[in-house]
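Please look through the structure shown here, and follow how its charged side chains are arranged.

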Amino acid sequence: MPEPISGRGKNCGSRDCAVRDRTSPKHRKEVGVKYMQAWEERYYDREEARQKGREEGRAEGREEGRLSKLRELVEKKLAKGMTLEEIADMLEEDLETVRCIAGELQEEEK
């Protein structure tokens, strides 16, 4: 008499055993654990990328704000009749930076 399919015996074909192995509670648990681990890794990778993006955005915003304020100050100092050298010295900025900002301001007036 042949052995029942539920056991691993002589009559267990490789295909039958493979199907049985994939549907066993132990296998389902292992797959579930692997799935959750992969999901957690993707979640933490996304969170890390979001945090990095926020930090980069804040740094860009600070730099934009600093340049905006510098531009505003250069404009006010030019309106008072100060030279570019005096403005650069007063604001403790590079003369080329002040010269560039002054050039942009002149372009906007045209």
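A good place to begin in this predicted model is K69, which counts as partly exposed because its relative accessibility is 43%, a value that lies between the limits of 20% for buried and 50% for exposed. The side chain of K69 meets that of E72 in a salt bridge, with 3.4 Å from N to O. These two residues are three apart in helix α2, so about one helical turn separates them. E72 is likewise described as partly exposed, its relative accessible area being 33%.

Which side chain besides that of K69 meets E72 in a salt bridge? It is the side chain of K76, at 3.6 Å from N to O, and K76 and E72 both belong to helix α2, where they stand four residues apart, about one turn of the helix. K76, at 47% relative accessibility, counts as partly exposed.

Turning to helix α4, which covers residues 95-109, we find E96 and R99 placed three residues apart, about one turn of the helix, and their side chains meet in a salt bridge of 2.9 Å, N to O. R99 has a relative accessible area of 37% and is therefore partly exposed. Elsewhere, a network of salt bridges links E63, R66 and E93, and the structure as a whole holds nine salt bridges.

Finally, there are charges outside such pairs: E40, E41, D45 and E48 form a negative surface patch, and patches are made of residues that have no salt bridge. Of these, E40 lies in helix α2, which spans residues 25-79, and E40 counts as partly exposed because its relative accessibility is 37%.

Methods:
Residues are numbered from 1 along each chain as its sequence is written. This is a predicted model: local features need pLDDT of at least 70, side-chain atom pairs count only at pLDDT 80 or more; totals for chains, interfaces and linings use all residues. Side-chain values use heavy atoms; hydrogens and water are left out. Patches are made of residues with over 30% relative accessible area and no salt bridge: like charges are joined within 9 Å, nonpolar side chains (Val, Leu, Ile, Met, Phe, Trp, Tyr) within 5 Å. Accessible areas come from the Shrake-Rupley method with a 1.4 Å probe; for residues, only the protein chains shown count as cover. A salt bridge is a side-chain nitrogen of Lys or Arg within 4 Å of a carboxyl oxygen of Asp or Glu. Lys and Arg count as positive and Asp and Glu as negative; His and the chain ends are not counted. The place of a charge is taken as NZ of Lys, CZ of Arg, CG of Asp or CD of Glu. Buried means under 20% relative accessible area, exposed over 50%, partly exposed in between (1.4 Å probe, protein chains only).
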